[in-house]
Amino acid sequence: MTRTASRRSAAALPLSLLRAMLPVAERAEVLEDLVAEHAERAAANGLRQADRWLWRQVVRSLPALIKRSWWRGWSGFEPRANRMQPGGPPMEGWIMDLRFAVRRLRTRPTYALIAILTLALGVGGTSAVYSIIRRPLWEPLPYERADEVVQFWNSRDWSEAEFVMLRPDMPAFRTVAAHRPEDIILERDDAPARLLPGISTSAELFEVLGAGPMLGRGFQAGDDLAGAEPVAVISHGLWQELGGDASLIGQRLRLDGAERTVIGVMPRGFWFPDPAVRLWVAEELNPENRSGNYTLVGGLAPGQRLEAMAPALNRITTALGEQFDYPEGWDKTRNAALTPLREALVGSLRPALLATLAVMALILIIASANVTALMLGQVDGRTTELAVRSALGADRMRLVRQVVVEALLLGTLAGLVGALLATLGFRVMVGAIPLGAWAEQASIDWPLLATAMGVATVAAVAIALVAAVSVWKGDLRGALVRARTSGIGGRGGRLESGLVIAQVAVAMLIAAGAALLFRSVDNLYAVDPGVDVQGVAVVDVAIGATTPPPERRRIITEIIRQLGEIPGVSSAAVTQKLPLRGSGDNWGISVVGRPDLPSSTTSFRIVSWDYFSTMGIGVREGRVFDQGDRLDGELVVVVNQALADKYFPGESSLDRQLETGFGSPERIIGIVDNAAEAALTDEPAPARYMLFAQLPYVAEAQTFVMRTARPADAETVLESAQSVIRGHSGIAVQEATTMRRVFDRAMGPVRQVLSMFAILSAVALVLGAVGVYGVISHFVSRRKRDWGIRIALGLAPARVMRAVVGRGVWLMSVGIVVGLLATVAVARLFGSFLYGVGAADPISLATASLALLVVGVAAAAIPAWRAGRTDPLLVLRDS
Amino acid sequence: MTSDAPLGVFEEQVMLGVIRTGDEAYGMNVRRELERVTGREVSIGAVYATLDRLEAKGLVTSRRAPGGARRTFAVMRPGMVMLAETRAIRERLWRGIDLARLPVLA
């Protein structure tokens, strides 16, 4: 490159920057002067100095010039010297249009308010939902090696024996960890015992995840071996609750009645396997223990791909098959599969969350269509004004630009209001979305504002495009001619009608979804869970691991007695697992005298004397437990009808004997009704019940239940029940609720999704009504002259009203039909939430259609009433 | 359009620059004059933006000679009045102040 060329290029960039910010009329003179002075300076002080000077000039000039551009556009100032030399500063036209748009919105507050609020509702809702579900669904998991981590099949079903056997030889895995949920009681000084959601794990967990502590150390090999010092790693949140002091490392905490040393604090934002977990403890693994509820997670070895793991899984299942004997239905060697960690952790949340986001986006589309229709109505009302401007020389591009600027301004304001609405309604939304443990992670943050502005911009651009196309295609000069000759019409409003039909269709989709969900929930409520859920108070507790079984039994017996004495409580009982809370606690069963039966398991519940009457489980045959059944007496068992039917078909099961492994067989003393021991919608499954007072084993987690004389008292006795339990040491309340709420929760996310849909379909209906109202009002004002003449000629006002309402009904009907077709097309997406109702359920669809039609007629009735009262004299005089 | 708001320091300087450069009062020349007298570097953008603002206030006017490309500026009568007022205010403020006698604070 020659010296001259480099000289030119050094000055070119600053000059073109300056050129971009100068008014067209002044560009040439200013740039010429600058170039001349640059050349003078180069000759006097050298090129480098001159270049530096030029850069300084440009950099210091830019802020003043940008400010001047804005001010000139906003104030419309034109220097006297430039009058014969047109060409203002850059963006001047846009800035002037912005000023014009601001003025227009200020002079039409109703239009501005409706447009901004409508759009803000869609924008705010969409950005709030997006912000809430972004973390669980799309944000990277807080583990360095998240992409290499997989979860093993049969989660919560691995035993310590299986893990210890597999651990030394895991082909194709870097390392594998076993973990299980364990709620841990924390006792500190005089504060009441607290139950903390925790994880009991083998030492490899953090290594598998690729996560390290913020303070102290993570687990290391040997922490889970017999004789190792008991250690715990705590979450950032718990660390702060405990004072947030680094000296906590090395201190001992009293956890589950025993001392454990805190060895590490995980960094803020770390969670596993869900954000509710507060601490992780390394647990001694017993190679002899064949029961267990562990989940296995493994890190793939470097270079291993998930798709190529089949040979490794084969080796693992072969090893399992050689070592263990699995009953039918629980055979781990049959269904080996690995799930990527994210899928395993949040996969079950995804459908409900995505459905919510999709519905919110539909609301946004309705809102955008609404605002577009409103804007078109405005443009239409301004046809004459625009036509005059066009006749005076404003080019079509200028008119389009005005519409675009107005849409962008509306979008920006809607974005700000939307962000405000999202912030105000954030907690309500978090409660309404089925987030589970992720709810506590949802927080309002700056990206929420960015999302709202982004969403609003996209909506505004879409609105601007549709409106601009309409203006671009509009017949402005024709409109001027018609205005002059007082002709009827203007634009046909076809685009507006199309937009309303579209939004009615979308509203129909949402309303139909809500109706289908409503029917599903209704069907679920109609399912008989086999227990009487009214008037039962429920308190979940955890007993410290170090409390020996006899002491546990004594505490439980005492608490049952005390709970029974609370005023309003008619009976109290305990169980280690409540119905309707999902599967689990399935124990092996064998029938004495029937060695031919294949080994199998059934739900196994350890309960107290009055359990069946407290839960409202009916007795079919024989008797249930009484005070005569004692620890040193004959072992007795109560079975449900499903168990009797399965194991003793065609014969009486009373007095037959079952074997569970307590040393002696148990005699069946009674048969009770089937209760939904696992999920609400499960088919009746075999279950058996034993008396806690007769068994050597007493679980750490127990649930006390109390029946109240009046159903409404189930809530009110909870307070007294909790204080009774807090009066005992070594036991902590985990949750206090009612059987009714347990039942509600057993319905799964469908209830929350329904409440969300119900709110959103109401919003969609309101927006749809606003749309219909806007378009019909506009239709009426366009035809005002027409109606005036007809009424003057003797047409009955009632017929005018009928015609207007008819127009509304027509728009709604077309929209409803389109919506119905769309609902049937996308109904399979609802599939996973529906129960006992088809996706094309005629009752749901008819109800939704009717609701929309009624709303549409009501929305059209107001302008229709106005049209019917048209005074022909006034109208004719106006034109 | 005139404004009763007092002149800013830079506005006053720019107007004086316009007067000092006489018939050659175009943006770049005004900038050079200000730099020459004040000994500080002045950006061309600031000069043009200020001249526009002064013109909008009716204190200066701009024109182009027939066939001449450059926009030149002249101070209008209200501008002269404003300059005189600004100067009078400043002189009143300075009256009785002797910097040499004031205690010097570190």
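## Getting started

Helices, of at least four residues, and strands, of at least two, are DSSP runs numbered from the N terminus. With that in hand, welcome to a predicted model. The tour begins with chain B, moves on to the contact between the chains, and ends with some local details of chain A.

## Chain B in outline

Chain B has four helices and two strands. Read from the N terminus, these elements come in the order α-α-α-β-β-α. The C-alpha trace of chain B spans about 60 × 30 × 20 Å along its principal axes.

Of the 106 residues in this chain, 35% count as buried. Sequence separation adds to the outline: among chain B contacts between residues at least 6 apart in sequence, 44% link residues at least 24 apart.

## How two helices of chain B cross

Two packed helices are described by the angle between their axes and the distance between those axes. In chain B, helix H1 (residues 9-21) and helix H2 (residues 27-38) pack at an angle of about 105 degrees, and their axes are 9 Å apart. Angles of 65 to 115 degrees count as roughly perpendicular, so H1(B) is roughly perpendicular to H2(B).

Which residues of H1(B) and H2(B) meet? From H1(B) come B:Gln13, B:Val14, B:Gly17, B:Val18, B:Arg20 and B:Thr21, and they meet B:Asn29, B:Val30, B:Glu33 and B:Leu34 of H2(B). Sorted by class, this contact has four nonpolar, four polar and two charged residues.

## A covered helix

Helix H3 of chain B covers residues 44-56. How does the span of this helix compare with what 1.5 Å a residue should give? Its 13 residues should span 18 Å, and the end C-alpha atoms are 18 Å apart, so the two agree.

H3(B) is mostly covered, with twelve of its 13 residues buried. Among those buried residues are B:Ile44, B:Val47, B:Tyr48, B:Leu51 and B:Leu54, and also B:Asp52, B:Arg53 and B:Glu55. The buried residues pack against H1, H2, strand E1 (60-64) and strand E2 (71-75) of chain B, together with H2 and H3 of chain A. After H3(B) comes B:Gly58, which has a positive phi near 80 degrees.

## Where the chains touch

How many residues does each chain give to the contact? Chain A gives 22 residues and chain B gives 18 residues. On the chain A side, the elements that give two or more residues are helix H2 (24-45) and helix H3 (47-75).

H3(A) provides the largest share of that side, ten residues. By class, the chain A side divides into nine nonpolar, four polar and nine charged residues.

## Paired strands in chain A

Strand E3 (residues 184-187) and strand E4 (residues 194-196) of chain A pair in the antiparallel sense over three bridges. They form a hairpin with six residues between them, and A:Asp189 in the turn has a positive phi of about 45 degrees.

E3(A) also pairs in the antiparallel sense with strand E8 (residues 252-255) of chain A, over two bridges. A:Leu186 is a handy residue to follow here: it stands opposite A:Arg194 in E4(A), while its bridge partner in E8(A) is A:Leu255.

## Backbone details in chain A

Most residues other than glycine have a negative phi, and most peptide bonds are trans. Some places in chain A are worth a look with this in mind. The peptide bond from A:Phe272 to A:Pro273 is cis, with omega near -10 degrees. A:Pro273 sits in the loop between strand E9 (258-265) and strand E10 (279-282).

A:Arg156 is not a glycine, yet it has a positive phi of about 60 degrees. It belongs to the loop between strand E1 (149-152) and helix H6 (160-166) of chain A, and it counts as partly exposed because it has 14 C-beta neighbours inside 10 Å. A:Ala172, not a glycine either, has a positive phi of about 70 degrees. Its place is the loop between H6 and strand E2 (173-181) of chain A. With 18 other C-beta atoms within 10 Å, A:Ala172 is partly exposed.

## One last residue

A:Ile862 lies in helix H26 (residues 842-868) of chain A. Because it has 16 other C-beta atoms within 10 Å, A:Ile862 is partly exposed. It is 57 residues from A:Val805 in sequence, and the two are 9.1 Å apart in space, C-alpha to C-alpha.

Conventions: Residues are numbered from 1 along each chain as its sequence is written. Chains are lettered from A and ligands numbered from 1 in the order in which they are written. This is a predicted model: local features need pLDDT of at least 70, side-chain atom pairs count only at pLDDT 80 or more; totals for chains, interfaces and linings use all residues. Two residues are in contact if their C-beta atoms, placed from the backbone, lie within 7 Å. Ala, Val, Leu, Ile, Met, Phe, Trp, Tyr, Cys and Pro count as nonpolar, Asp, Glu, Lys and Arg as charged, and the others, Gly among them, as polar. Axes are lines fitted to C-alpha atoms, for helices over the stretch in contact, and angles run from 0 to 180 degrees between N-to-C directions. Angles under 35 degrees count as roughly parallel, over 145 as roughly antiparallel, 65 to 115 as roughly perpendicular and the rest as oblique. Two strands pair if DSSP finds at least two bridges between them. A residue is buried if 20 or more other C-beta atoms lie within 10 Å of its own, exposed if 12 or fewer, and partly exposed in between; C-beta atoms are placed from the backbone. The expected span of a helix is 1.5 Å times one less than its number of residues.
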